[in-house]
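Me: I have a structure open and need help reading it. Can we go through it together?

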Amino acid sequence: MKNLLARYLARARAMQFHYLLASLVLLLAVYPYVSAGPTGPAALKVLSSFVLITGVYAVSNRRRQVVIAVLLAVPAFGLGWLHIITGDPALGSAESVFTLLFYAFTALVGLSRVLGTRRITTDTIYGAVSVYLLMGLTWATAYNLVEGITPGSFSAESGAGFTFPAFIYFSFVTLATLGYGDITPVTDQARSLALLETVSGTLYIAVLIARLVATAGWRTDATDE
């Protein structure tokens, strides 16, 4: 029984990024269909809560990382649900700060593990994809925070108001350097964030490919020896 449990825990440990990636894909795939209507914010918060939980598990290799992740995830979780219940904009802004820090921290830890590995596994690949998706959510949260603090930081061709789902769309369009132009940063602060996201997305792909090629080279050398 103990051996079976140990085997299960070892397998779960080797699939940390599997769960995080699944929650991220679920959020990005489902949010357009659940965010509308009176229950939309609560449904979106459920999806983002899964990301917080799986994100904590993804960085649970080291105790210090777990502590930091929990200290960021718990306020983000609590403030997010309080904002849903009360509608207080101040709680929404505070939630955005903790959520942004959590996403950024989780992405950095994931990036460190992906770039530091000498053995490519499926979890390594899932971790690399998770980092990219977390980058998009990090910048989306930053845009949402800037618009909340300084309304009018962004403009849209449709003239509609901005919600977090709109910033998810804008963030990934910017990260992938597509630049459709239907949402435009207006203030210097918003433009600076968009510029930094474009650069970070381009550099991430370049560095990741270079690192994976180098890792493949290490494995070839080891095989030759």
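What follows is a chat about the helices, the core, some contacts and a few single residues.

Me: What kind of model is this?
Reply: The model is predicted.

Me: How many helices and strands are there in the protein?
Reply: The protein has 8 helices and 2 strands. Read from the N terminus, the order of elements is α-α-α-α-α-α-β-α-β-α.

Me: How much of the protein is buried?
Reply: Of its 225 residues, 39% are buried. The accessible surface is about 12,400 Å², and carbon and sulfur atoms account for 67% of that surface.

Me: What share of the contacts with a separation of 6 or more is between residues 24 or more positions apart?
Reply: That share is 72%.

Me: Let's go inside. Which residues touch the most other members of the largest nonpolar core?
Reply: Those are F102 and Y143, in a core of 47 residues. At least two residues of this core come from each of helix 2 (16-34), helix 3, helix 4 (63-86), helix 5 (89-116), helix 6 (122-149), helix 7 (164-175) and helix 8. Helix 6 gives the largest share, 12 residues.

Me: Why would nonpolar side chains be found together like that?
Reply: As a general tendency, nonpolar side chains in soluble globular proteins are buried together.

Me: Back to Y143. What does Y143 touch, leaving out residues up to four places away in sequence?
Reply: Y143 touches F154, F167, F170, S171, T174, A190, L193, A194 and E197.

Me: Some of those have rings. Which residues are in a cluster with Y143 through ring pairs?
Reply: Ring pairs join Y143 with F154, F162, F167 and F170. In the whole structure, a search gives 12 aromatic pairs.

Me: New topic: charges. How many salt bridges does a search of the whole structure find?
Reply: The search finds 1 salt bridge. K45 makes a salt bridge with E95, and their closest N and O atoms are 2.3 Å apart. The pair links distant parts of the chain, with K45 in helix 3 and E95 in helix 5, 50 residues apart.

Me: Are K45 and E95 buried or exposed?
Reply: Both K45 and E95 are buried.

Me: What about L44, the residue before K45?
Reply: L44 is also in helix 3. L44 counts as buried because its relative accessible area is 12%, and the cut-off for buried is under 20%.

Me: What does L44 touch, not counting residues up to four places away in sequence?
Reply: L44 touches L27, Y31, F164 and P165. L44 and P165 are 121 residues apart in sequence, yet their C-alpha atoms are 9.0 Å apart in space.

Me: And V46, in helix 3 too. Is V46 buried or partly exposed?
Reply: V46 is partly exposed, because its relative accessibility is 37%. V46 is also one of the residues in a nonpolar surface patch of about 350 Å², together with L26, F50 and I53.

Me: Which helix gives the largest share of the nonpolar patch?
Reply: Helix 3 (residues 40-58) does, with 3 residues.

Me: Now Q65. Where is Q65 found, and is Q65 buried or exposed?
Reply: Q65 is in helix 4. The relative accessible area of Q65 is 16%, so Q65 is buried. Apart from its neighbours within four places in sequence, Q65 is in contact with V59, F105 and V109.

Me: What about A210?
Reply: A210 is in helix 8 (residues 188-224). A210 has a relative accessible area of 47%, so A210 is partly exposed. A210 and L115 are 95 residues apart along the chain, and their C-alpha atoms are separated by 9.7 Å.

Me: Last one. What is the phi of T177?
Reply: T177 has a positive phi of about 60°, although T177 is not a glycine. As background, most residues other than glycine have a negative phi.

Me: Where is T177?
Reply: T177 is in the loop between helix 7 and strand 2 (183-185). T177 counts as partly exposed because its relative accessibility is 46%.

Key:
Residues numbered from 1 in each chain as written. Predicted model: local features only at pLDDT ≥ 70, side-chain atom pairs only at ≥ 80, totals over all residues. Heavy atoms only, no water. Patch = residues over 30% accessible without salt bridge, like charges linked within 9 Å, V, L, I, M, F, W, Y side chains within 5 Å. Areas by Shrake-Rupley, 256 points an atom, 1.4 Å probe, with all protein chains shown as cover. Salt bridge = Lys/Arg side-chain N within 4 Å of Asp/Glu carboxyl O. Helix = DSSP H or I, 4+ residues; strand = E, 2+ residues; numbered from the N terminus. Buried < 20%, exposed > 50% of the residue type's maximum accessible area, 1.4 Å probe, protein only. Phe/Tyr/Trp six-rings, centres within 6.5 Å; stacked < 30°, edge-to-face > 60°. Contact = heavy atoms within 4.5 Å. Core = buried A, V, L, I, M, F, W, Y, C linked by side-chain atoms within 4.5 Å.
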